[in-house]
Amino acid sequence: QVQLVESGGGSVQAGGSLRLSCVASKYTASGCYMAWFRQAPGKEREGVAAITRGGSTVYADSVKGRFTISQGNAENTVYLYLQMNSLKPEDTSMYYCAAEIQCRLGARVLSTSSYTYWGQGTQVTVSS
C-alpha cells in the first residue's frame with residue numbers, strides 16, 4: 001500500500017518562502033503522476049501543481065511563477081517537493097500530496113479524481 005507523508009508546512013509572512021516535502025513509500029518512479037493539492041476551510045480541494053513520470057509539470061494559474069514542483073527517487077520511495085516563493089495570504093491552506101500509479105487516458109492531473117493515494121496534509125499559513 002502506497003503511503004504519503006507530508007512535511008514542511010508552517011507559518012510565514014507574506015513574501016516569504018516554504019518548501020514542502022512528501023515521502024511516498026512503496027511508490028516507485030514508474031508511477032504515473034504526483035501532485036500537490038490544497039484546501040482552505042469551506043472551499044473545495046484544488047490542484048496546485050503536478051508532475052508526470054516523464055518530468056512534465058503543470059501548475060495552477062494562481063501559483064505559476066511562484067511555486068516549483070520537483071521529484072527525487074530512491075529504491076521503492078519517491079520524494080515530492082513543492083518550493084513556494086512569494087507567498088500570499090491567499091495561499092493559506094492545508095496542502096496535500098497525491099499520487100497515482102495507473103496512467104489513465106485523458107486524466108486531468110490537477111483534478112482530485114485522478115488520484116488514488118493521498119497524504120494527511122501539512123498546514124501552510126501566510127500572514128499579511
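## Two disulfides, two hands

Which hand does the link of C32 and C103 have, left or right? In this predicted model, the torsion about that S-S bond is 105°, and the link of C32 and C103 is right-handed. The two sulfur atoms sit 1.8 Å apart. C32 comes from the loop between β3 and β4 (33–39) and C103 from the loop between β9 and β10 (117–118), so this disulfide ties together parts that are 71 residues apart in sequence. As for cover, C32 is buried at 7% relative accessible area, while C103 is partly exposed at 42%.

There are two disulfides in the structure, and the other one joins C22 to C97, with an S to S distance of 2.2 Å. Here the torsion about the S-S bond is about -75°, so this disulfide is left-handed. C22 belongs to strand β3 (residues 18–25) and C97 to strand β9 (residues 93–100), so the bond ties together parts 75 residues apart in sequence. C22 is buried with a relative accessible area of 1%, and C97 is buried too, at 0%. Counting bonded cysteines along the chain, the disulfide pattern reads 1-3, 2-4.

## An open sheet of four strands

Now for the strands. Four of them make an open sheet, ordered β1-β3-β8-β7, and the pairing is antiparallel. β1 and β7 (67–74) are the edge strands, each pairing on one side only. From one strand to the next, the twist averages 15°.

Start at the β1 edge: five bridges join β1 to β3, and the two run antiparallel. Within that pairing, Q3 stands opposite S25 of β3. β3 is also the strand that holds C22 of the left-handed disulfide. At the other edge, eight bridges join β7 to strand β8 (residues 77–84), again running antiparallel. One residue match to look for there is N73, whose bridge partner in β8 is V78.

## The two faces of β1

Which side chains of β1 are buried, and which are not? The side chains alternate along the strand: L4 and E6 point to one face and are buried, whereas Q3, V5 and S7 point to the other face and are not.

V5, which sits in strand β1 (residues 3–7), is worth a second look. V5 counts as exposed, at 53% relative accessibility. Together with V23 and Y79, V5 makes a nonpolar surface patch of about 230 Å².

## Salt bridges around D91

What does D91 pair with? A search of the whole structure turns up five salt bridges, and D91 takes part in one with R38, where the closest N and O atoms are 2.9 Å apart. That contact links distant parts of the chain, with D91 in the loop between β8 and β9 and R38 in strand β4, 53 residues apart. D91 also forms a salt bridge with R66, with closest N and O atoms 2.7 Å apart. R66 lies in the loop between β6 and β7, and 25 residues separate R66 from D91 along the chain.

The residues in these two contacts are tucked away from the surface by the numbers: D91 is buried at 0% relative accessibility, R38 is buried at 4%, and R66 is buried at 10%. V63 is another residue to check against D91: their C-alpha atoms are 8.8 Å apart, with the two positions 28 residues apart along the chain. V63 is in the loop between β6 (57–59) and β7 and is buried, at 0% relative accessibility.

## E100, R104 and the wider network

E100 forms a salt bridge with R104, the closest N and O atoms being 3.1 Å apart. The two partners differ in cover: E100 is buried at 2% relative accessibility, while R104 is partly exposed at 37%. Going back to D91, salt bridges that share partners join R38, E46, R66 and D91 into one network.

Notes
Residues numbered from 1 in each chain as written. Predicted model: local features only at pLDDT ≥ 70, side-chain atom pairs only at ≥ 80, totals over all residues. Heavy atoms only, no water. Disulfide = S-S within 2.5 Å. Buried < 20%, exposed > 50% of the residue type's maximum accessible area, 1.4 Å probe, protein only. Patch = residues over 30% accessible without salt bridge, like charges linked within 9 Å, V, L, I, M, F, W, Y side chains within 5 Å. Areas by Shrake-Rupley, 256 points an atom, 1.4 Å probe, with all protein chains shown as cover. Salt bridge = Lys/Arg side-chain N within 4 Å of Asp/Glu carboxyl O. Pairing = 2+ DSSP bridges. Axes fitted to C-alpha atoms, helices over the stretch in contact; angles between N-to-C directions.
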